[in-house]
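Please explain how this chain is held together by charged pairs, and what its surface and one of its pockets are made of. Keep the account plain.

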Amino acid sequence: MVIGHEFVGTVVETGRDVHDLQVGDRVAVDTLIHCGHCFFCQRHQVHLCENLAIMGLMTDGGLAEYINAPRYMCFKYADRLSDAHAALAEPASVVVRSARRGRLAEGETVAVIGAGSIGLLTGGGGARLGSQQGNCRRACAQPPQDCPGAGSGCGDRSRRDGSGSAVKRLTGGYGADVVFECAGTTATMSMAPELARRAGRTVLVGLHDAPIPVRLASVVIGEQEIIGSFSHIYDEDFSEAVDLLSAGKIESASLITAQIGLTDLVRSGLDELSSSKVRHLKILVSPEG
C-alpha cells in the first residue's frame with residue numbers, strides 16, 4: 001500500500017544475507033537513499049547526504065506490485081497495526097525527528113502551526129511523545145480551509161494576532177515551550193517565534209524557499225532558539241515511528257481520506273489531489289485494488 005512515496009509491503013523473497021526477515025512479514029519501507037561515504041553519512045547524518053535520493057522519485061517506488069528494497073529500509077510492524085496506518089510511518093518519522101530536534105519533554109506546552117498531515121500528526125502524536133499540549137495545539141491548528149498556512153489569507157494580521165493571543169492566554173501569558181511550524185509559508189514561519197515563550201524553542205518543519213521576516217530582537221533578548229528539522233533518519237526516527245504506530249501512540253486514522261486501487265491512480269488519486277486539495281490529506285493506493 002502506498003501513500004505518496006511512502007509505502008508498506010509483504011516480504012515475498014529475501015536476500016541470502018538477510019536472516020531477520022521472513023517471507024510473509026509485513027514491513028514499512030523507508031525511502032531515503034544515502035551514499036554511505038560522504039561527510040554527513042560518515043557522521044550518521046544520512047538525511048543530509050550530499051547524494052541524497054528518494055525511492056519513488058529518483059528510482060522506481062511503491063506504485064507497483066513488487067519492489068526490491070535494501071534490508072536497512074525495511075521495518076517489520078506489529079500484527080495489530082493495519083497496512084493503511086503503517087503506510088504513514090514516513091510522515092510520522094518526520095514528527096518524531098522534529099520532537100527530537102525540539103528536545104520535547106514531558107509536561108511542556110506545545111503550539112502547532114499548520115493543519116496538513118505533518119501538523120495534524122504532530123498535534124495527535126506530540127502528547128504521547130512527551131508533551132502535554134491540550135488546548136494549546138487546538139488554538140493554532142485549524143481545518144485546512146481556514147489554516148493560516150493555506151491561501152492568501154495567511155498574512156492577515158488579525159488572524160496572526162488572534163493565534164498569538166490564544167497561545168498566550170492558554171499558557172499563562174508566557175507562550176508555548178515549543179512551537180512546531182508545519183505550514184511552510186512566509187507568514188506562518190515569521191509568526192512562529194512570536195508564539196514561543198522566552199527561552200522557548202521554535203522548530204521549523206515546513207519548507208519555504210523565500211526570505212522570511214523575523215523579529216530577531218525578540219529572539220535574541222528572549223534567548224529563544226530557532227531549530228531546523230528535516231525529514232528523518234531511518235534507524236532513529238523511522239524505526240521509532242513504526243514502533244509508536246504499532247503501539248497506538250500516534251493517531252493517524254483521520255489522515256487517510258480515501259483508498260483506491262492502482263488502476264485508479266491517475267483519475268482518483270493524482271487528479272483528485274490536484275483538484276481537491278482541501279478535501280484530502282492522504283490517499284492510499286493498493287496494488288491489489
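In this predicted model, the side chains of E6 and K282 form a salt bridge, with N and O 3.0 Å apart. A salt bridge here is a side-chain nitrogen of Lys or Arg within 4 Å of a carboxyl oxygen of Asp or Glu. The pair connects distant parts of the chain, since E6 belongs to strand β2 and K282 to strand β12 (residues 282-286), 276 residues apart. Helices (H or I, at least four residues) and strands (E, at least two) are DSSP runs, numbered from the N terminus. Both E6 and K282 are buried; buried means under 20% relative accessible area, exposed over 50%, and partly exposed in between, with a 1.4 Å probe and protein chains only.

Residues are numbered from 1 along each chain as its sequence is written. Because the model is predicted, local features need pLDDT of at least 70 and side-chain atom pairs count only at pLDDT 80 or more, while totals for chains, interfaces and linings use all residues; side-chain values use heavy atoms, with hydrogens and water left out.

In general, side chains of opposite charge can pair when their charged atoms come close. The count of salt bridges comes to 14. Another of them joins K76 to D25, with the closest N and O atoms 3.4 Å apart. This pair also links distant parts of the chain: K76 is in strand β6 (residues 74-76) and D25 in the loop between β2 and β3, 51 residues apart. D25 counts as buried because its relative accessibility is 11%.

R267 and D264 meet in a salt bridge at 3.7 Å, N to O. R267 counts as exposed because its relative accessibility is 59%, whereas D264, at 30%, is partly exposed. Elsewhere, R97, R100, E236, D237 and E240 are joined into one network by salt bridges that share partners.

Strand β2 also takes part in a pocket. The second largest pocket (an open set of points on a 1 Å grid over the protein atoms alone, with protein on both sides within 12 Å along at least five of seven lines; lining residues have an atom within 4 Å of a point) is lined by 32 residues, with G9, T10, V11, V12 and I67 nearest its centre. Elements giving two or more residues to this lining are β2 (6-10) and β3 (26-29). The largest share, four residues, comes from β2.

How values were computed: 1 Å grid on protein atoms, 1.4 Å probe; cavity = no way out; pocket = protein on both sides within 12 Å on 5 of 7 lines; lining within 4 Å.
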